[in-house]
Amino acid sequence: PLDHRVWKGYMGEWPTRETAYLEWPTSWEAGLAVLQGRNSGFSLQVRDSLNRFKALKLGYGDNPQVVSIDHCAHGPVGDVQAVGGLPVRIGVHAGSWEVPAHAYRDWLWKARDMEEAIRRQPSWIGDIRLAISWCPVHPGILDALARILPPERVVLHVPQWRAFGYDQDYPSFVPSEDGRAFLLRAREMGFHALPHCNANQVASDHPMGKVALDFAWRDRFTKRLSGWAWVESVNPRPPQSVSLLDTHKDWNVMLDIHQGFSGYRNELLFQVGRAVEDMGLDGIFLDTSNRFYNADNCVAENLTSIEAGLLLLREVGTLRPGFAVGGEGRNELSARESAFVQLHVLKGMPEVTPLEAIVPVNERLLSGLARGIGYGGLDGKGDLSTILLAMTERMGALPTLTVRDPGEILAPNPLVARVLERALADA
């Protein structure tokens with residue numbers, strides 16, 4: 001079964017059940033589509049080593065059974081007369097979906113020299129057996145975890161460590177007093193901590209927001225500013241009026257900035273590097289690291305948004321020897337430059353997709369590169385968490401929890417206990 005309710009991205013809408021448009025590589029994470037029958041099927045493979053934008057379309061007109069591929073020109077698209085040249089292979093196979101998946105993986109790993117990417121990874125990431133996503137800065141959690149597993153086997157994603165609200169004042173990465181104390185203690189005990197930062201979003205009222213406004217991504221068709229705002233009234237896009245961008249601090253307006261702008265990359269590296277040196281960090285988490293957006297202004301300082309995004313990830317990864325870059329979502333581009341990634345379940349929320357429809361295609365294609373960890377709702381409380389834990393496991397992620405209190409670890413409910421047992425078994 002196919003789940004056609006796929007999120008197009010921050011600039012898009014929920015499509016109807018009859019049609020969906022998945023842009024590569026953020027929504028369509030690798031250039032492979034498999035339509036699987038009982039014991040056979042066929043596949044579409046786009047073997048493109050030049051990183052040209054493309055999209056997978058499900059449905060055409062009134063027919064939901066049509067599958068097609070768009071060849072997308074770089075923005076701006078107003079004067080584009082022709083686009084194409086993508087090599088698309090259509091094949092049939094006997095057996096399961098893993099047959100074409102392995103064929104695509106073989107091509108992908110050779111075309112992008114994934115073995116070289118593995119050699120650049122920190123050696124310690126293979127030792128991790130448990131991940132804590134959205135870990136609060138609660139010292140008792142460190143003590144509780146250390147009673148279950150050796151700290152060097154645990155990686156922590158820590159969102160609320162800064163002296164600012166969540167998703168506010170990017171790219172200022174200054175720790176709060178509690179955040180700094182927590183991260184220092186975590187490192188002293190041997191935990192691997194990934195404080196939450198952002199790869200390309202800037203607060204509109206931040207000084208960098210003013211400097212980088214001309215480099216904010218714009219939709220290649222509507223020319224609207226791309227970004228995010230934590231307020232329903234703007235649905236949840238940033239306001240398009242420059243005068244409103246820094247008027248409402250509580251809106252948390254963030255603009256998507258083209259990472260080709262060297263002024264932004266330099267500021268981000270300075271801010272992150274300062275925090276890394278201050279607290280002796282061996283990793284960082286870059287939210288929205290999976291976004292390589294085909295914008296109206298797709299090229300900045302002679303770099304496409306894909307080239308610029310990969311450059312930023314590579315630069316952050318070289319801040320220190322053995323440094324790990326965590327990120328959001330795993331696709332065939334971001335996996336090359338990341339050590340850990342939160343695997344999304346947005347494409348298969350349980351109210352529209354049954355558990356048996358979740359298959360680990362992403363893991364089959366990219367295992368050995370960035371290690372997948374769980375996203376959210378993994379505390380074992382309620383029916384939704386039960387399903388999300390099962391989906392996370394089926395996707396091939398490391399055992400992951402989103403606990404908020406030491407008691408949830410020391411006196412775990414049955415589902416949390418099962419995750420801990422898996423982690424201990426692997427250890």
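This is a short dialogue on reading a sheet, a buried arginine and some salt bridges in a predicted model.

Student: What should I keep in mind before I begin reading the model?

Tutor: The model is predicted, and local features need pLDDT of at least 70, side-chain atom pairs count only at pLDDT 80 or more, while totals for chains, interfaces and linings use all residues. Residues are numbered from 1 along each chain as its sequence is written, and side-chain values use heavy atoms, with hydrogens and water left out.

Student: In which order do the three strands of the open sheet stand?

Tutor: Strands of a sheet pair through backbone hydrogen bonds, either parallel or antiparallel. Strands (E, at least two residues) and helices (H or I, at least four) are DSSP runs numbered from the N terminus, and two strands pair if DSSP finds at least two bridges between them. Here the order is 2-3-6, with antiparallel pairing, and the edges are strand 2 (32-36) and strand 6 (88-94), each of which pairs on one side only. Strand 3 (residues 40-46) pairs with strand 6 over seven bridges, and Ser43 stands opposite Gly91 in strand 6.

Student: Where is Arg112, and which side chain of opposite charge is nearest to it?

Tutor: Arg112 is in the loop between helix 1 and helix 2 (114-119). Buried means under 20% relative accessible area, exposed over 50%, and partly exposed in between, with a 1.4 Å probe and protein chains only. A salt bridge is a side-chain nitrogen of Lys or Arg within 4 Å of a carboxyl oxygen of Asp or Glu; Lys and Arg count as positive, Asp and Glu as negative, and His and the chain ends are not counted. Arg112 is buried yet has no salt bridge, and the nearest side chain of opposite charge, Glu332, is 4.3 Å away.

Student: How many salt bridges are found in the whole structure, and are the partners Asp256 and Arg291 buried or exposed?

Tutor: A search of the whole structure finds 20 salt bridges. In one of them, the closest N and O atoms of Asp256 and Arg291 are 2.7 Å apart. Asp256 lies in strand 12 (residues 254-256) and Arg291 in the loop between strand 13 (283-287) and strand 14 (299-300), so the pair ties together parts that are 35 residues apart in sequence. Asp256 counts as buried because its relative accessibility is 0%, and Arg291 counts as buried at 7%.

Student: Which residues are linked in a network of salt bridges?

Tutor: The network links Glu116, Arg120, Arg314, Arg336 and Glu337, and within it the side chains of Glu116 and Arg120 meet at 2.9 Å, N to O.
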